[in-house]
Amino acid sequence: MSIKRLKIPSSILAALRESCGELTGIRRGIEKESLRVAPDGNLSTRSHPHELGSPLTHPNITTDFSEAQLELITGVHATPEACIRQLHDVHRYVYSCLDDELLWVASMPCFVGEEGDIPVGRYGSSNIGTAKTVYRLGLGHRYGRLMQTISGIHYNFSLPQAFWDRYAALLGRTPGQDFVTDCYFGLIRNFRRHSWLLTWLFGASPAICRSFARNLDHGLAGFDEGTLYLPWATSLRMGRLGYQSNAQSGLHISYNSLDSYARTMHLALTRSYPPYESIGVKVDGAYRQLNTALLQIENEFYGAIRPKRRIRSGERPLTALRRRGVEYVEVRCLDLNPFLRVGIDEQQIRFMDTFLLCCLLAESPGDSPEESAENEAVQLAVVERGREPGLRLGGERRDNLTGAILSRCAEVAELLDRAHDSDLYTDALEQQQARARNASLTPSARILEMMASQKTPFFRFALNQSIAHKGYFDEHPPTGREMDRQQARARRSFNDQEAIEAADEVDFDTFLESYLKPPQ
């Protein structure tokens, strides 16, 4: 096995150096998950706070799997600063509504009791709200509720129409949505080959609380009586103990084109899976899952990156993609950084923009089931042994591969700095180059070093960080104007939920049958 190198045509780089103003139009947004926990670090048993609005309709504050798992969402922003600013403001409001509760700052969960103690998200009595809850019940039956409490950051990235018009002209292609979609799939293929670099640089889950693995064949070492870990691990969240599925392990989703993606995804959405048949769909009048397919809906596929298109009312994500093409990509492999108040910062965003643009501009040969398996093997090696000195990936030294990718990223960072008349993208890249030279600077190494120097288990380390971040936000509450604005938005979200519930014209069984028709 040999890992493909990123190669950006020199003619493209030269042309973009001459005129790169279109690159100022990059847009990004963040979705950040965090568990609500009691002051002692146990998972909260309280319902979603009423002051935070309706999780079905609030544009910035919802829940992920559990009632106790907040998902905080920014809008689409033209600068990293604006994106972080909004995420910071949403955090300020949320903390002001939590009373004595904390937001858990780590990706791997706090102390959780029995599976049945983890409350599934509730979204009201509408058909679509009920479907969201049933989907989560299905995830619990299929994979266990504990796995669903793992949290992370999703990073959304898109380029403006002006860039696509210019890029199509450089390549001699016809501009339009088909061209944009093809380019995004090229980005995705390269991302899947090289996303191990993000795990190595930003992974922040090298250890877990023993309570998380009490019923698992985990293969981890003991750090202390309360902690399991691997000495060179980067992101256990992205490995065997994270969002993994044995059922999906044999599923190859092709990213060679929208048609191949839709075709392979369609099979997973429509073909019944015998182990899920044994769970049942509606048992004694209560739904256990939406259906018995390998994937209940598109979001169940555990990919590190997804092609995305905003959906319309009642529309399936796959249908939206086939009708209108790819609008942006969603990166799903980022851990929460417990040293940062909102889990991510502007420098990481700038490196993400650089890396994703590099993946887009580079040549991107087609994928295959064999390459997908190789990518997964490399990813697992970095998850479990990423900081190991002399580590080899696909027969090559990790350091050589890292240097090659960062060299390509340096060329792209220069383009972005030219476009923005700054050196901020080069600065962000240099921070990652420093980590590549010195693994002790990575979040995963810093976590283990702090745990060792302070003689604290993972649980206590994460709780201490959570308390510190809460203290900061308690000392920096929302302004009166901001509080009024957030409260008004929460009230509107309840009005929107009520309107959705009032608009239902059929019972849930009929709604579900229609909604689950194979996406066309």
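Modeller: Axes are lines fitted to C-alpha atoms, for helices over the stretch in contact, with angles from 0 to 180 degrees between N-to-C directions. The model is predicted: local features need pLDDT of at least 70, side-chain atom pairs count only at pLDDT 80 or more, and totals for chains, interfaces and linings use all residues. Numbering starts from 1 along each chain as its sequence is written, and side-chain values use heavy atoms, without hydrogens and water.

Colleague: At about what angle does helix H15 run to E7?

Modeller: Helices (H or I, at least four residues) and strands (E, at least two) are DSSP runs, numbered from the N terminus. H15 spans residues 443-454 and lies across E6, E7 and E8. Its angle to E7 is about 50 degrees.

Colleague: Which strands stand at the edges of the open sheet?

Modeller: Strands pair if DSSP finds at least two bridges between them. The sheet has three strands in the order E6-E8-E7, paired antiparallel. Each edge strand has a single partner strand, so one side of it lacks a neighbour in the sheet. The edges are E6 (207-209) and E7 (221-224).

Colleague: Which residue in E8 stands opposite Gly 222?

Modeller: E7 and E8 (residues 227-229) run antiparallel, joined by three bridges. Opposite Gly 222 stands Leu 228.

Colleague: Is Gly 113 buried or partly exposed?

Modeller: Gly 113 sits in the loop between strand E4 (102-103) and helix H3 (127-143). Buried means under 20% relative accessible area, exposed over 50%, and partly exposed in between (1.4 Å probe, protein chains only). At 25%, Gly 113 is partly exposed.

Key. Contact means heavy atoms within 4.5 Å.
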